[in-house]
Amino acid sequence: MRIVTLVENSCGNENCIAEHGLSIYIETEKHKLLLDTGQTDAVVRNAEALGVDLIAVTNIKNRFITAITKLVIWIMSMMSILVILNSFPFHTGRNMR
């Protein structure tokens, strides 16, 4: 098995481009998989610089979202709703003087 990080926030190779996101190439005896959440074509440039043949990829998961990512997004949306609700002056039924 071969796993190559093609794109991430930092750059470990001077010939590669760093950007927000994550792209990983995974190669097994049967499959060549690309998990891509990068923002630009940096994945293509970095693959070339690192000797990864993207034409041979058999499975592509673009904008790959895991269950943990979905949970984080849901929690953040709930927090945003609470912030918005807390900004409205609700009437509680009591006289407010």
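**Charged side chains, starting with Glu 19**

Okay, let's start with Glu 19, which counts as buried, at 11% relative accessibility. Keep in mind that this is a predicted model. The cut-off for buried is under 20% relative accessible area, so at 11% Glu 19 falls on the buried side.

Where does Glu 19 sit? You'll find Glu 19 in the loop between S1 and S2. And what does Glu 19 touch? Leaving out residues up to four places away in sequence, there's Val 7, Glu 8 and Asn 9, and then Gly 38, Gln 39, Thr 40 and Ala 42. With Thr 40 there's also a polar contact, side chain to side chain, at 2.6 Å.

Now, on to salt bridges. Side chains of opposite charge can pair when their charged atoms come close. How many salt bridges does a search of the whole structure find? Two.

One of them joins Glu 27 and Arg 2, with the closest N and O atoms 3.7 Å apart. Glu 27 belongs to strand S2, residues 23-27, and Arg 2 to strand S1, residues 2-7, so this pair ties together parts that are 25 residues apart in sequence. Are these two buried or exposed? Somewhere in between: Glu 27 is partly exposed, with a relative accessible area of 22%, and Arg 2 is partly exposed too, at 33%.

Then there's the salt bridge between the side chains of Asp 41 and Arg 45, at 3.5 Å from N to O. Asp 41 is partly exposed, at 42% relative accessible area, and Arg 45 is also partly exposed, at 48%.

So that's the tour: a buried Glu 19, and two salt bridges.

Key. Residues numbered from 1 in each chain as written. Predicted model: local features only at pLDDT ≥ 70, side-chain atom pairs only at ≥ 80, totals over all residues. Heavy atoms only, no water. Salt bridge = Lys/Arg side-chain N within 4 Å of Asp/Glu carboxyl O. Helix = DSSP H or I, 4+ residues; strand = E, 2+ residues; numbered from the N terminus. Buried < 20%, exposed > 50% of the residue type's maximum accessible area, 1.4 Å probe, protein only. Polar contact = N/O pair within 3.5 Å; in protein donor to acceptor, adjacent residues only side chain to side chain. Contact = heavy atoms within 4.5 Å.
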